[in-house]
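Reader: Please show me how unusual backbone geometry and helix packing are read from a model.

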Amino acid sequence: MAILDLDLAVMSDDNHAPPPPEAAADHELHRLGKPGDDDDDGDGVLTKGVRHLCERGITALPGRYVLPPADRPGARLAVRLPVVDLARLRSGLGDADRAAALAELDAACRDYGIFQVVNHGVDGGGAALDVARRFFEELPAAERARYMSPDIRAPVRCGTSFNQLNDGVLCWRDFLKLAVSHSPAAGLAAVLPSWPDTPSDLREVVSAYARACHRLFKELMEAALEALLGGSAGGEVLESCEVGSQMLMVNCFPACPEPELTLGMPPHSDYGFLTVLLQDQVNGLEVRHADAWLLVDPLPGSLLVNIGDHLEIYSNGRYKSVLHRVRVNSGRSRISVASLHSLPPERVIGPAPELVDEERGKPRRYMDTDFATFLSYLTSAEGKHKSFLQSRRIPQEDEELIQASNPSL
């Protein structure tokens, strides 16, 4: 793994300049429209998704998508993320190069919470992106609408925004959520009949990609737990990974008429252990690092992997669940496929016992959690930033003293 130097550079912004104040005021009145006017801003239209709005030929951003000025995307700052080369991690146990790679993986999880993976062995990414693009951009709206639901518990669901029921401001994003099963009894065969049957190759292409991501998740978890705990610790967690939960979020961020006023996804962290992200070559993902929003420039052929809330909890705060968001642009749509991985939904997750020692100044920093707790939280809150994770934190009497005595946290 080679950790590249943090490379910050203000990039040219392809968004048009904002209008003068007097023009902006007139434009805002036009955008919001008259009370009760459903042509552009009515809830019935907006719940049909962003692609539906684009197909209607809108030229101004509907008011429900306009963020307060403080929350809008700013200047583009580029970042070169750590790169994990799995070929080095696959070398024999005791190999000096592998030991160095494990140490670098540990540093990436601790300092960034996100890294790019090369030599990952996951095939079919290009086909998955292609079928995703055809689902959103070529299928009739009525066909996509067959799978639309506001129910966040639905295993297969086509939706829009981030947390549609609770979002105060909507996000410029449509998505297809696909639950994946790894139960010993049936596996993927149990859920495939509920997946969309158009495009005709969606089930075959996406299921093959899902299996490959699950293999990568197990390999990365084995390496991360070895780096975190050492030796053969974490075996019970690895066994649970074999039949763990997996959910695919297939995302479409269409070209936006006023990208400087909105986001494709708001600042948030992911719920599970690891998320594997496949993305096209349209930049848009930003991560929070060193108190700045940094735009990820994807390495061709790589996959992006980020730490989720579960791994931060399990590591008792050593590994960081990264805050990230998505910005959009006016010229090109962006497609991504996020594969979110964790343990089985019924599994209760708390800090690893090896990482808690009250007598040695290593207090337990998080409460236990499970999937039911998370769903309950989502139904009552927007779930943005790292709010769910913060709800599981145990207040410490003297946080500064703990950090000083345990710099690895």
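The dialogue below takes up the overall content, the backbone and one helix pair.

Reader: What should be known about the model beforehand?

Author: This is a predicted model, in which local features need pLDDT of at least 70 and side-chain atom pairs count only at pLDDT 80 or more, while totals for chains, interfaces and linings use all residues. Residues are numbered from 1 along each chain as its sequence is written, and side-chain values use heavy atoms, with hydrogens and water left out.

Reader: How many helices and strands does the protein have?

Author: Helices (H or I, at least four residues) and strands (E, at least two) are DSSP runs numbered from the N terminus. The protein has 13 helices and 14 strands. Of its 409 residues, 54% are buried; buried means under 20% relative accessible area, exposed over 50% and partly exposed in between, with a 1.4 Å probe and protein chains only.

Reader: Which peptide bond is cis?

Author: Most residues other than glycine have a negative phi, and most peptide bonds are trans. Here a cis bond joins Thr198 and Pro199, with omega about -10 degrees. Pro199 belongs to the loop between β6 (174-180) and α8 (202-229).

Reader: Where is Asn119 found, and is Asn316 buried or exposed?

Author: Asn119 has a positive phi of about 55 degrees although it is not a glycine, and is found in the loop between β4 (114-118) and α6 (125-137). Its relative accessibility is 45%, so Asn119 counts as partly exposed. Asn316 also has a positive phi of about 55 degrees, in the loop between α10 (309-314) and β13 (324-326). Because its relative accessibility is 2%, Asn316 counts as buried.

Reader: What span should α6 have?

Author: The expected span of a helix is 1.5 Å times one less than its number of residues. The 13 residues of α6 should therefore span 18 Å, and its end C-alpha atoms are 18 Å apart, which agrees. Among the buried residues of α6 are Leu129, Ala132 and Phe136.

Reader: At what angle do α6 and α8 pack?

Author: Two packed helices are described by the angle between their axes and the distance between the axes. Axes are lines fitted to C-alpha atoms, for helices over the stretch in contact, and angles run from 0 to 180 degrees between N-to-C directions. For α6 and α8 the angle is about 135 degrees, with the axes 9 Å apart. The two helices are therefore oblique to each other; angles under 35 degrees count as roughly parallel, over 145 as roughly antiparallel, 65 to 115 as roughly perpendicular and the rest as oblique. The contact (heavy atoms within 4.5 Å) includes Val131 and Phe135 of α6 and Val205 and Tyr209 of α8.
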